[in-house]
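Reader: I'm new to this structure and don't really know where to begin. Could you pick one part, look at it closely, and then show me what lies around it?

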Amino acid sequence: MAFCAVATTFLAGSAPARAADAWWTPVGLQGTAVTRVSAIGDTITVRTGSGATLRSTDAGRTFAAAPAGTTFPPTGVVAIGSQRWEIDSAGRVVHVANASQSSAAVLDPGSPDLGAGADLIASPESLPGVVVAVGTDGVVWRRGQDGDWKEALLLLPASLVQGVPQVTSVTAFTQPLEEHVVDDSVYLGTDGYAVLISTDGGDDWIRAGPGLPDSVFSLSADPIATSPGHVGVVYAGTSNGLWEHELQAFPAPPAYHDAQLVWRWIGIGAITLVASIAALLGMTRLVPRRHPA
Amino acid sequence: MATEARVPRLQRYRAAPWWPAATTLVIAELGLGAALLVPITFSDPNGVDPYLARLSVASVLIAMPSLFVRRLAPARPILLALAAVAATYTLLSAGPQILVDLLGSHSGSFDAQVLWASVAQAVGTSLIALAARRLVVPEWRPSLRLRHLSLRGLGAGVLGSAVLIGLGLALPANLLGRVALQPVAFGRDVPWLGPANALQAFSQEVQFRGLLLGALERTMSPRWANVSQAAVFGLAHLAISYGGPEAPFVPITFLVGLAFGWLVRRTNSLWPAVIIHAVADIALQFGIVQGLYGF
């Protein structure tokens, strides 16, 4: 780990020098558990831990009771353009190639048995054919673009006395974002390990929950920009309210190429030299003259 | 392999006082610490700080005169050990980028680059160890304990690995970041990063429990020699990622260093520690899901 971090430092690119934005920021309902969230533009619908369904039409600044009969979109179905992936009642992944022409749902060859009741599936619009689905046993599966299904993530126990955290949600952007903006990420919410992200269709994952409560119950990716400069937001319903993540580049140490940098490095070199000479002089003074050499 | 009974224990050079070695270690560490930490006071905290390169230069600058100045000869094995730690770690860290700069698209995958960088670290460490064997007089010469591995030592390595993994699983997941296993990434990476981690473990054991402990115990009591090398081992982990969340792991790595040092002395072999260290590094590599900031 440490090596990778150091390697990252050495391999740092030329990102502009600026402070990184917070990865997650609170939206509202702090102190309240939010167990479901669905967002489209400024309209955010949530369900709280007490079972109340609330709606905000101002991007989460205020919430009011949602109209009766308000429902949330199913989490076991994902539609991308005319394609649709869904988990059937037996826990298998089926594919509808052209939903607009009422194509038949076909069992995806090689898809795993996720278990009856499995209902977490996601597919990023920017990676056609890639699907991430979660089994009832907590195993996260990924379908590569070649159609091959593999186990992609196995959560470990939180500690000796705690069990394996539950995967509560999975989401990805299913519509194009602003022009030239591509988000390959699949976001995985867990009740214990906050949020994990994969940017390569589920092969590699990173923890991406700094600032967020560990218990995340629901995720919703909203591709509609709510204000200038926004390219997409992921909302997280947590044990402590509703949070949002505005898409941004992964943090990297900024690289500087100004004249001051030269002087800074010269200064660093000078200090290194002085420290080394001081250490040598100290040793010369303190190490005894008589020795067996 | 040889049984432990046939392996002569290292003889301490009792005619020499302990304090020159301790003084050398403290002063060198202070010098390296100053080289590491003082620039932070005026360096941009968000800038790329070449602290590993800085530590390497300082460690080599401090070690080189000991090869030529007769008065510093007793300090030579200790300073060579510290130079091996810093310089070869920089080689490991910068290795992938160096390969990309030299070979461009022919440098292979990042996993392959890490393996070759690990090979370079092991070769660099071995060369410095060889230099320590050749350039240090017998009275001060560190015993690397590389020639012996008894069945008992092998068993200790296997048992120690199991204990360490058990401890890792017992600690809270969020403390270590060991939240999940990634089977696809594991299958792809293990042919490259498995050997790379084993080589890194070998290098570090040669540096800390071979060169440094071997040098210190020639004049210090075994207990204090072990404490001293473990302290440097812990501090080195602070230097690897100073300012990062690895700082709290310095006490843990100190304790691990103590245990490794005790095991090496107990079995009179470096290999049990190499085995445990390698297993731990591989488990860390594949059991820990990195965070946004690389930790």
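Author: Let's start with one strand in chain A and work outwards from there.

A quick word on the ground rules: this is a predicted model, in which local features need pLDDT of at least 70, side-chain atom pairs count only at pLDDT 80 or more, and totals for chains, interfaces and linings use all residues. Residues are numbered from 1 along each chain as its sequence is written, while chains are lettered from A and ligands numbered from 1 in the order in which they are written.

Our strand is S19 of chain A, residues 233-238. Strands here are DSSP runs of E with at least two residues, helices are runs of H or I with at least four, and both are numbered from the N terminus. S19(A) is mostly covered, with six of its six residues buried. Buried means that 20 or more other C-beta atoms lie within 10 Å of a residue's own; 12 or fewer makes a residue exposed, anything in between is partly exposed, and the C-beta atoms are placed from the backbone.

Which way do the residues of S19(A) point? Val233(A), Tyr235(A) and Gly237(A) go one way, Val234(A), Ala236(A) and Thr238(A) go the other, and all are buried. In a regular strand, side chains alternate between the two faces of the sheet.

Now for the neighbours. Two strands count as paired if DSSP finds at least two bridges between them. On one side, strand S18 (residues 216-222) of chain A is joined to S19(A) by six bridges, and the two run antiparallel. There, Ser218(A) has Gly237(A) as its bridge partner in S19(A). Strand S20 (residues 241-246) of chain A also pairs with S19(A) in the antiparallel sense, again over six bridges. Here Gly237(A) turns up once more, with Leu242(A) as its bridge partner in S20(A), and Val234(A) stands opposite His245(A). S19(A) and S20(A) make a hairpin, with two residues between them.

Step back a little and you get an open sheet of four strands in chain A, in the order S1-S20-S19-S18, with antiparallel pairing. At its edges are S1 and S18 of chain A, each pairing on one side only. From one strand to the next, the twist averages 30°, and angles here run from 0 to 180 degrees between N-to-C directions, with axes fitted to C-alpha atoms (for helices, over the stretch in contact).

Follow S1 (25-28) of chain A to its end, and there's a loop between S1 and strand S2 (34-40) of chain A, where Leu29(A) is found. The phi of Leu29(A) is near 60°, a positive value in a residue other than glycine. Leu29(A) counts as buried because 22 C-beta neighbours lie inside 10 Å.

What about the inside? A nonpolar core is a set of buried Ala, Val, Leu, Ile, Met, Phe, Trp, Tyr and Cys residues joined through C-beta atoms within 7 Å. The largest one has 78 residues, and Ile78(B) and Leu82(B) touch the most other members. Helix H3 (residues 76-103) of chain B brings the largest share of this core, 14 residues. Apart from that core lies another, of 65 residues, and this one takes us back to our strand: among its members are Tyr235(A), Leu242(A), Ala221(A) and Val78(A).

Val78(A) points to another part of chain A, since this residue stands opposite Trp85(A) in S7(A). S6(A) and S7 (residues 83-87) of chain A pair in the antiparallel sense over four bridges. They belong to an open sheet of four strands with the order S6-S7-S8-S9 (chain A) and antiparallel pairing. S6 (77-80) and S9 (106-107) of chain A stand at the edges with a single partner strand each, so one side of each has no neighbour in the sheet.

For contrast, glance at chain B, whose secondary structure comes to ten helices and one strand. Along the sequence, the pattern is α-α-α-α-α-α-β-α-α-α-α. Of its 295 residues, 49% are buried.
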